[in-house]
Amino acid sequence: MTLIPFSNKMTNLALTAFLTLTLVNCNQPKNKTTQFDLEKAKSEITSRLRAYENAMASGDKVAFGNLYAEDAEIFHDGSPSTVGRQNIIKVFEGWVRDSVTGSYATTGLWGNKDLLVEQGTGYFAHATGKWKATGKYLLVWKKVDGEWKIFRDTWFADPKVGE
């Protein structure tokens with residue numbers, strides 16, 4: 001059954017993200033005057049998700065690419081990862097040709113002032129409204145020059161009805 005490897009992939013990615021955040025927290029100097037505001041970060045991430053959706057809807061590959069860190073990586077199920085902002089933009093160009101749009105919602109957010117792990121749900125659809133895929137995702141966000149950028153990205157499609 002394909003759900004077991006799928007579950008292991010998601011578990012491994014979540015564990016890796018958790019350990020990364022733990023190590024970052026362990027190596028940070030303790031500064032009692034600056035506290036990380038997770039609610040503010042959640043608002044910023046929500047704004048970034050809307051920018052992601054808008055870039056998809058308008059086919060703006062520059063805006064889309066700017067949401068990703070230069071050293072970002074997208075983990076694909078069943079195919080090699082896409083590494084680097086320029087290669088991610090090339091993937092997005094294919095989405096533009098296919099008139100793909102999407103909508104995403106955060107269901108969990110954890111982290112610190114440097115890295116955030118976001119869990120969410122979403123869908124991809126053709127501009128005609130025909131559903132393409134629903135699923136879950138994990139994003140690791142990294143603060144770059146004062147802005148949250150997508151550092152790691154993965155998507156887990158829901159099983160098709162009847163599978």
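Which residue lies over the face of Phe151? Arg152 does, at 3.9 Å from the ring centre, where a charge is taken to sit over a ring if NZ of Lys or CZ of Arg is within 6 Å of the ring centre and within 35 degrees of the ring normal.

The model is a predicted one, in which local features need pLDDT of at least 70 and side-chain atom pairs count only at pLDDT 80 or more, while totals for chains, interfaces and linings use all residues. Residues are numbered from 1 along each chain as its sequence is written, and side-chain values use heavy atoms, with hydrogens and water left out.

## Overall layout

The secondary structure of the chain comes to four helices and six strands, and from the N terminus on these elements follow the order α-α-α-β-β-α-β-β-β-β. Helices (H or I, at least four residues) and strands (E, at least two) are DSSP runs, numbered from the N terminus. Of the 163 residues of the chain, 36% count as buried; here buried means under 20% relative accessible area, exposed means over 50%, and partly exposed lies in between (1.4 Å probe, protein chains only). Among contacts in the chain with a separation of 6 or more, 55% come from residues 24 or more positions apart, a contact being heavy atoms within 4.5 Å.

## The β3–β4 hairpin

Strand β3 (residues 100-111) and strand β4 (residues 115-126) run antiparallel and are joined by 11 bridges; two strands pair if DSSP finds at least two bridges between them. A hairpin of three residues connects β3 to β4. Within this pairing, Leu109 stands opposite Glu118 in β4, and Val117 in β4 is the bridge partner of Trp110.

## Aromatic residues and nonpolar cores

The structure holds 11 aromatic pairs. Rings of Phe, Tyr and Trp (its six-membered ring) pair if their centres lie within 6.5 Å, and planes under 30 degrees apart count as stacked, over 60 as edge-to-face and the rest as tilted. Phe64 and Tyr68 make a tilted pair, because their ring centres are 5.4 Å apart and their planes stand at 50 degrees. Phe64 is buried, with a relative accessible area of 1%, and Tyr68 is buried as well, at 0%. Both belong to one aromatic cluster, which also includes Tyr52, Phe92, Trp95, Tyr104, Phe124, Tyr137 and Trp155.

A nonpolar core is a set of buried Ala, Val, Leu, Ile, Met, Phe, Trp, Tyr and Cys residues joined through side-chain atoms within 4.5 Å. The largest such core has 25 residues, of which Tyr52, Met56, Phe64, Tyr68, Tyr104 and Trp141 touch the most other members. Two or more residues of this core come from each of α2 (38-58), β1, α4, β3, β4, β5 and β6, and α2 gives the most, with six residues. Apart from this core lies another, of five residues, among them Leu115, Val117, Val140 and Phe151. In soluble globular proteins, nonpolar side chains tend to be buried together.

Not counting residues up to four places away in sequence, Tyr68 touches Tyr52, Ile74, Arg85, Ile88, Lys149, Ile150 and Asp153.

## Glu73 and its surroundings

Is Glu73, a residue of strand β1 (residues 68-75), buried or exposed? Glu73 counts as buried, because its relative accessibility is 17%. The side chains of Glu73 and Ser81 are joined by a polar contact of 3.1 Å, a term that covers a pair of N or O atoms within 3.5 Å; within protein, one must be able to donate a hydrogen and the other to accept it, and residues adjacent in sequence count only if both atoms are side-chain atoms. Leaving aside neighbours within four places in sequence, the contacts of Glu73 include Ser81, Thr82, Val83, Ile88, Phe151, Arg152 and Asp153.

## Loop residues with positive phi

Most residues other than glycine have a negative phi, and most peptide bonds are trans. Two loop residues with a positive phi are set out below.

| Residue | Phi | Loop | Relative accessibility |
|---|---|---|---|
| Ser99 | near 55 degrees | between α4 (85-97) and β3 | 38%, partly exposed |
| Asp145 | near 50 degrees | between β5 (131-144) and β6 (147-157) | 81%, exposed |

## Lys90 on helix α4

Lys90 lies in helix α4 and is exposed, with a relative accessible area of 54%. The C-alpha atoms of Lys90 and Lys61 are separated by 8.5 Å, the two residues being 29 residues apart along the chain.
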